[in-house]
Amino acid sequence: MVSFVQLLVIIALGGYGDVSAQPSDVCPNGWIRYYDSCYWVGYEQQLSFVEAEHYCRQHNGHLIHVETADENVFIVDVLHKTKAGNCWVGLSDMDTEGKWLWYGTQTTPEYTHWFPGEPGGSNNEDCAVFAAHHSDYSWDDYPCSTTQHPLCEYTPENTGIIG
Ligand SMILES: [Ca+2]
Ligand SMILES: [Ca+2]
């Protein structure tokens with residue numbers, strides 16, 4: 001056990017890294033923290049996929065890359081609580097039909113949460129959304145030119161290190 005005084009010293013020295021860092025220390029105002037990332041849902045914006053990515057980059061982020069089931073569960077919980085409409089997932093097969101890649105890094109997803117039967121839209125539907133009409137916001141492929149809410153992810157450097 002760490003005594004209260006020891007804990008104060010540890011906090012004062014920043015010795016506990018992530019543990020002593022509160023979300024407000026790491027994420028920009030209004031962004032939500034989950035592990036090493038910060039998230040922002042553009043509830044006021046409805047943008048095409050590329051416009052949405054641009055919007056996120058203006059805020060030092062990118063459209064969300066969902067690496068794990070835990071990350072999906074976390075963000076879906078946020079979408080449920082806020083009754084969000086469709087939001088873009090930063091996942092696209094616009095370069096090669098059927099080859100879905102995280103946009104920007106062009107990496108192959110290890111985790112996806114497609115609705116059963118999706119993606120099914122062929123060449124017309126090359127961008128992924130958290131689909132609000134599915135009870136668990138599982139993913140559908142939509143035309144990239146449709147307008148949906150941006151859902152940005154930002155990973156601060158030196159997460160948890162203060163000063
Ligand atoms: Ca992520
Ligand atoms: Ca497609």
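These exercises work through the sheets, helices, cores and calcium sites of a predicted model.

**Exercise 1. The β1 sheet**

Task: Find the strand order in the open sheet that holds β1, and say which strands stand at its edges.

Solution:
- Step 1. The sheet has four strands, in the order β1-β2-β8-β3. Their pairing is antiparallel.
- Step 2. β1 (32-34) and β3 (62-63) each have a single partner strand. They therefore stand at the edges, and one side of each has no neighbour in the sheet.
- Step 3. Look at one pair in detail. β1 and β2 run antiparallel and are joined by three bridges. Tyr34 has Ser37, in β2, as its bridge partner.

**Exercise 2. The β6 sheet**

Task: Give the strand order around β6, then decide whether the faces of β6 are covered or left open.

Solution:
- Step 1. This is an open sheet of four strands, ordered β5-β4-β6-β7, again with antiparallel pairing.
- Step 2. β5 and β7 are the edge strands. Each has a single partner, so one side of each lacks a neighbour in the sheet.
- Step 3. Take the β4 side of β6. β4 and β6 pair over three bridges. Ser92 stands opposite Cys127 in β6.
- Step 4. Take the other partner, β7 (residues 139-142). β6 pairs with β7 over four bridges. Here Val129 stands opposite Asp140 in β7.
- Step 5. Now use the alternation rule. In a regular strand, side chains alternate between the two faces of the sheet.
- Step 6. Cys127 and Val129 lie on one side of β6, Ala128 and Phe130 on the other. All of them are buried, and both faces of β6 are covered.

**Exercise 3. Helices across the sheets**

Task: State which strands α3 and α4 lie across, and at what angles.

Solution:
- Step 1. Helix α3 (residues 49-58) lies across β4 and β6. The helix runs at about 100 degrees to β4.
- Step 2. Helix α4 lies across β1, β2 and β8 (151-154). Its angle to β1 is about 155 degrees.
- Step 3. α4 also lies across β4, β6 and β7, at about 60 degrees to β6.

**Exercise 4. The nonpolar cores**

Task: Identify the residues that touch the most other members of the largest nonpolar core, and the elements that supply this core.

Solution:
- Step 1. Start from the general trend. In soluble globular proteins, nonpolar side chains tend to be buried together.
- Step 2. The largest core has 23 residues. Phe130, Trp139 and Leu151 touch the most other members.
- Step 3. Four elements give two or more residues each: β2 (37-41), α4 (69-81), β4 and β6. α4 gives the most, with five.
- Step 4. Follow Leu151 outward, leaving aside neighbours within four places in sequence. Its contacts include Tyr39, Val41, Ile75, Leu79 and Phe130.
- Step 5. A separate core of 18 residues lies apart from this one. Its members include Cys56, Trp88, Tyr103 and Val129.

**Exercise 5. Calcium ion, ligand 1**

Task: List the protein donors of the calcium ion (ligand 1), and explain why the arrangement is irregular.

Solution:
- Step 1. His65 donates through O. Glu67 gives one OE, while Glu71 and Glu153 each appear with two. Distances are 2.2 to 2.8 Å.
- Step 2. Along the chain the spacing is H-x1-E-x3-E-x81-E.
- Step 3. Glu67 sits in the loop between β3 and α4, and Glu153 in strand β8. The pair therefore ties together parts 86 residues apart in sequence.
- Step 4. Compare burial. Glu67 is partly exposed, at 42% relative accessible area. Glu153 is buried, at 4%.
- Step 5. The six donor atoms subtend angles of 51 to 141 degrees, so the arrangement is irregular.

**Exercise 6. Calcium ion, ligand 2**

Task: Name the protein donors of the calcium ion (ligand 2), and give their spacing in sequence.

Solution:
- Step 1. Asp93 appears with two OD entries and Glu97 with two OE entries. Ser122 and Glu125 donate through O, and Asp126 through OD. They lie 2.4 to 2.9 Å from the ion.
- Step 2. The spacing is D-x3-E-x24-S-x2-E-D.
- Step 3. Glu97 is in the loop between β4 (87-92) and β5 (101-102). Ser122 is in the loop between β5 and β6 (127-130). The pair links distant parts of the chain, 25 residues apart.
- Step 4. Glu97 is partly exposed, at 39% relative accessible area. Ser122 is also partly exposed, at 42%.

Note on methods. Residues are numbered from 1 along each chain as its sequence is written. Chains are lettered from A and ligands numbered from 1 in the order in which they are written. This is a predicted model: local features need pLDDT of at least 70, side-chain atom pairs count only at pLDDT 80 or more; totals for chains, interfaces and linings use all residues. Side-chain values use heavy atoms; hydrogens and water are left out. Donors are N, O and S atoms within 2.8 Å of the metal (3.2 Å for Na, K and Ca); water is not among the atoms, so sites may look incomplete. Buried means under 20% relative accessible area, exposed over 50%, partly exposed in between (1.4 Å probe, protein chains only). A nonpolar core is a set of buried Ala, Val, Leu, Ile, Met, Phe, Trp, Tyr and Cys residues joined through side-chain atoms within 4.5 Å. Contact means heavy atoms within 4.5 Å. Two strands pair if DSSP finds at least two bridges between them. Axes are lines fitted to C-alpha atoms, for helices over the stretch in contact, and angles run from 0 to 180 degrees between N-to-C directions. Four donors count as tetrahedral if all angles lie between 85 and 135 degrees; four count as square planar and six as octahedral if opposite donors are over 155 degrees apart and all others between 65 and 115; anything else is irregular.
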